[in-house]
Amino acid sequence: MPSTQGEQTDFGFRTVDLDAKQAMVDDIFHTVARRYDLMNDLMSGGLHRVWKDIMVTALNPPRDARPFAVIDVAGGTGDVAFRIAAAGGAGTQVTVCDINPDMLAVGRARAEERAIGGVAFVAGNAEALPFPDKSFDACTIAFGIRNVPRIAAALGEFFRVLRPGGRFLCLEFSVVDVPGLAALYDFYSFNVIPALGRAVAGDAEAYRYLVESIRRFPPPQAFADMIAAAGFCRANHRILTGGLVALHSGWRL
């Protein structure tokens, strides 16, 4: 990876050295790992489950014994991977790749407790995935791409590890486009969510960062253009819940 010394990037509303961002993100997820999915339920009123189910439905893993290999990036707690494994047949295998060992530990423990098979957990950086070219039939990432310091590099890696005909699906928070909802959403985001973070996860600042990072993420069409620039065909997006979330898609053809 070329040197990025001196380059700057967003960390929420702050500007930090590009090379420093990953460690700062890691510190946040180390703090919140154990309560991460509970906080998702509280913050979204359970809607994150609906959004993830929509992504898995769009993925449509085969329900028979045909081999179907999926990489779920930044999904350490296993929330998406378990859904994919349940939706697919005996041939569906999901590899969770996450840079944060605390998140992976949560996912491994849950897989063991629930006796969930077909899911593996691997430590790895989205910007340099530890897998050979053309290893997977699909790549998913849910609410994780905005935390990657070099998004274009990660998109290039997602393309690299997909086989021809493979699909990329990404859930990410988006731009609210319903009149009146935007102001309510901002009030909730900057006042209620940090307070929930303090009460439930013991860290208000971590959730303040997560809220700010949503505002810094590119709007849907701009991100779709980045997906296309990485080599994906038919890059598009679907707006969900009044613009709270977008489901992005692209194909390696």
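A cavity, as the word is used here, is a set of grid points where a 1.4 Å probe fits but cannot get out, and its lining residues have an atom within 4 Å of a point. In this predicted model, the second largest cavity is lined in that sense by Glu 172, Phe 173, Ser 174, Phe 217, Pro 218, Pro 219, Pro 220, Ala 246 and His 248. The structure holds 2 cavities of 30 Å³ or more, and it also has a pocket, the largest, with a volume of about 430 Å³. The strands of the model include 7 that form an open sheet with mixed pairing.

**The sheet and the helices across it**

- The strands of the open sheet follow the order E5-E4-E3-E6-E7-E9-E8, and the edges are formed by strand E5 (119–123) and strand E8 (233–240), each of which pairs on one side only.
- Neighbouring strands of this sheet are turned against each other by 15° on average, when direction is ignored.
- Strand E3 (residues 68–73) and strand E6 (residues 136–142) run parallel and are joined by 4 bridges, and Val 70 stands opposite Ala 138 in E6.
- Helix H4 (residues 79–87) lies across E3, strand E4 (92–98), E5 and E6, and its direction is at about 175° to that of E4.
- Helix H6 (residues 151–161) lies across E3, E6, strand E7 (162–173) and strand E9 (245–252), running at about 145° to E7.

**The contact of H2 with H7**

- The axes of H2 and H7 come within 10 Å and cross at roughly 145°, and the crossing in which H2 passes H7 is right-handed.
- On the H2 side the contact involves Leu 38, Met 39, Leu 42 and Met 43, which meet Tyr 188, Ile 193, Leu 196, Gly 197, Val 200 and Ala 201 in H7.
- Sorted by class, the residues of this contact comprise 9 nonpolar and 1 polar, with no charged residue.

**The largest pocket**

- The largest pocket, with its volume of about 430 Å³, is lined by 24 residues, of which Met 43, Ser 44, Phe 173, Tyr 185 and Ile 193 are the closest to its centre.
- Helix H2 (36–44), helix H3 (47–59), helix H7 (181–201) and helix H8 (204–216) each supply at least two residues of this lining, and the largest share, 6 residues, comes from H7.
- The lining of the largest pocket has 17 nonpolar, 5 polar and 2 charged residues.
- Met 43 and Ile 193, which are among the residues closest to the centre of the largest pocket, also belong to the contact of H2 with H7.

**The largest cavity**

- The largest cavity has a volume of about 350 Å³, and of the 29 residues that line it, Ala 74, Gly 75, Asp 98, Gly 144 and Asn 147 are the closest to its centre.
- At least two residues of this lining come from each of helix H1 (18–32), H2, E3, H4 and E4, and H1 gives the most, with 4 residues.
- By class, the lining of the largest cavity is made up of 14 nonpolar, 10 polar and 5 charged residues.

**The second largest cavity**

- About 30 Å³ of space lies in the second largest cavity, and the elements that give two or more residues to its lining are E7 and E9.
- The lining of the second largest cavity has 6 nonpolar, 2 polar and 1 charged residues.
- Phe 173 takes part in the lining of the second largest cavity, and Phe 173 is also one of the lining residues closest to the centre of the largest pocket.

Note on methods: Residues numbered from 1 in each chain as written. Predicted model: local features only at pLDDT ≥ 70, side-chain atom pairs only at ≥ 80, totals over all residues. Heavy atoms only, no water. Pairing = 2+ DSSP bridges. Axes fitted to C-alpha atoms, helices over the stretch in contact; angles between N-to-C directions. Contact = heavy atoms within 4.5 Å. 1 Å grid on protein atoms, 1.4 Å probe; cavity = no way out; pocket = protein on both sides within 12 Å on 5 of 7 lines; lining within 4 Å. Points joined across faces, edges and corners; volume = space filled by probe spheres on them. Nonpolar A, V, L, I, M, F, W, Y, C, P; charged D, E, K, R; others polar. Left-handed = near helix turned anticlockwise from the far one by under 90°.
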